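Here's a short problem set to work through with the model open beside you. Try each task before reading its solution.

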Amino acid sequence: MSEKEHKPATRLVEAGRRKEWTTAPGKPGGVVNPPVWRSSTHLYENVADLAKGRPNADGHFYYGRRGGPTQWALCDALTGLEEGADGTELFPSGVAAIAATLLALLKPGDELLLTDNAYEPTRTIAFGMLKRMGITTRTFDPMQPETLAEEITDKCKVVMLESPGSLTMEVCDVPSLTAIAREHGVLSVIDNTWASPLGFSPLAHGCDVSIMSLTKHVGGHSDLMMGSASAAAPVIERIRLQAQYMGQVVSPDDAALALRGLRTMGVRLKRTTSSALEIAKWLESRSEVAAVLCPMLPGAPGHDLWRRDFTGGCGLFSFIFAEADKAARGRFIDSLDLFGIGFSWGGYESLIIPADPERIRDHHTWPQSIDHGSGLGVRLAIGLEDPSDLIRDLEDGFAAMETK
Ligand SMILES: *Cc1c(COP(=O)(O)O)cnc(C)c1O
């Protein structure tokens, strides 16, 4: 039975633990984890060996900038989890993975079609750096797949998706959108950070590149920054070259931490998903809440698509206050004991930030199907605490909104 035939939970345990990275030649036995190979210089046998060079792929000692066994083990593990991928490139952050992928696939004069609910730094890359290079970006409404075909011109080379989208969390019809892109010869890239390959398989749903911020679920402990892009050949080679042009490399120590996080990602995601759903249902019953934007919750925007296409969820979702001004929302957030105020998510601890989706939307507003209430929301990242404690904390938050 090969690794890829095993169920995801088993693959998380096996992934990236090749014999050549966990044993010493000629020594019986071995170690469980691929060791941390700290290295800049890789050595050659002799001048002839040096002259021969090395294939430009993982698994070949060449020079530290192309990684070593610890980074290769992580790449191998991620490729193994990503259905349909031939390789994975690592980047020092999720944003670096997005920027390099778009640079690899676009050139001056090209157009990018970007989902209107994209992560804010993705918009900044598109409307800042790419614009300066003569690459034009237009946004489209991910919940109206039939309109995508009208937006595609001859110059369009990439459609960039995110599902669920940032802040408003709507799940879009990825197979329909990617089919339209493919029909027009356009590549589809998706930011799959929310679901991870355990919850959604981008390449099996028509995407050409699957990007993840490993800072979130894979790291899982709020102690590292990293990103990845996985794809089939030949697209992965284009991304690899771009990473090399820009000298992108991650440290072996961080790669080892990411591998360590990966081992428990399945159980962490199961737990945060069930806690998030419990908390989302409780929030739905509260009069202070206009809408709960949680893909796992029946009635949430795109919930039926989530049920159709996804195999899991996570602890990240938003809700909108029925009646609140910024001061009341501030009292709610400030009063919480168990939710830290900070960016990122996917760690073991719960977090909260104010969420104002309107600010990062172009011309498409947020889903019409939901009650916009006060228009003010928060994004919650549910951690591994007991959900009943988190609910009590949120209950105190609602009480604090009333007391000025
Ligand atoms: C955090 C995040 C990123 C960026 O990841 P970093 O590792 O913080 O650079 C990209 N996409 C989404 C959806 C994110 O939440």
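**Exercise 1.** Work out how much surface the chain exposes and what share carbon and sulfur atoms supply.

*Solution.* Start with the total: this predicted model has a chain that exposes about 17,600 Å². Next, split by atom type: carbon and sulfur supply 54% of that area. Then turn to burial, where the cut-off is under 20% relative accessible area. By that count, 55% of the 404 residues are buried.

**Exercise 2.** Check whether the radius of gyration agrees or disagrees with that of a compact globule.

*Solution.* First, take the chain length, 404 residues. A compact globule with that many residues would come out near 22 Å. The chain itself has 22 Å, so the value agrees with the globule rule. For the extents, the C-alpha trace spans about 75 × 50 × 40 Å along its principal axes.

**Exercise 3.** Describe how the chain is divided and how its domains meet.

*Solution.* Begin with the bounds: domain 1 covers 3-261, and domain 2 covers 262-401. Their C-alpha centres are separated by 27 Å. Now look at the contact, meaning heavy atoms within 4.5 Å: domain 1 puts in 49 residues and domain 2 puts in 42.

**Exercise 4.** Sum up the secondary structure and the sequence range of the contacts.

*Solution.* Count the elements and you get 15 helices and 12 strands. Then keep just the contacts between residues at least 6 apart in sequence: 73% of these join residues at least 24 apart.

**Exercise 5.** Find how far apart the mean positions of the positive and negative charges are.

*Solution.* Tally the charges: 40 positive and 52 negative. Average the positions for each sign, and the two means sit 7 Å apart.

Note on methods: Residues numbered from 1 in each chain as written. Predicted model: local features only at pLDDT ≥ 70, side-chain atom pairs only at ≥ 80, totals over all residues. Heavy atoms only, no water. Helix = DSSP H or I, 4+ residues; strand = E, 2+ residues; numbered from the N terminus. Rg over C-alpha atoms; globule rule 2.2 N^0.38 Å. Buried < 20%, exposed > 50% of the residue type's maximum accessible area, 1.4 Å probe, protein only. Areas by Shrake-Rupley, 256 points an atom, 1.4 Å probe, with all protein chains shown as cover. Lys, Arg positive; Asp, Glu negative; His and termini not counted. Charge placed at Lys NZ, Arg CZ, Asp CG, Glu CD. Domains from an automatic or database assignment.
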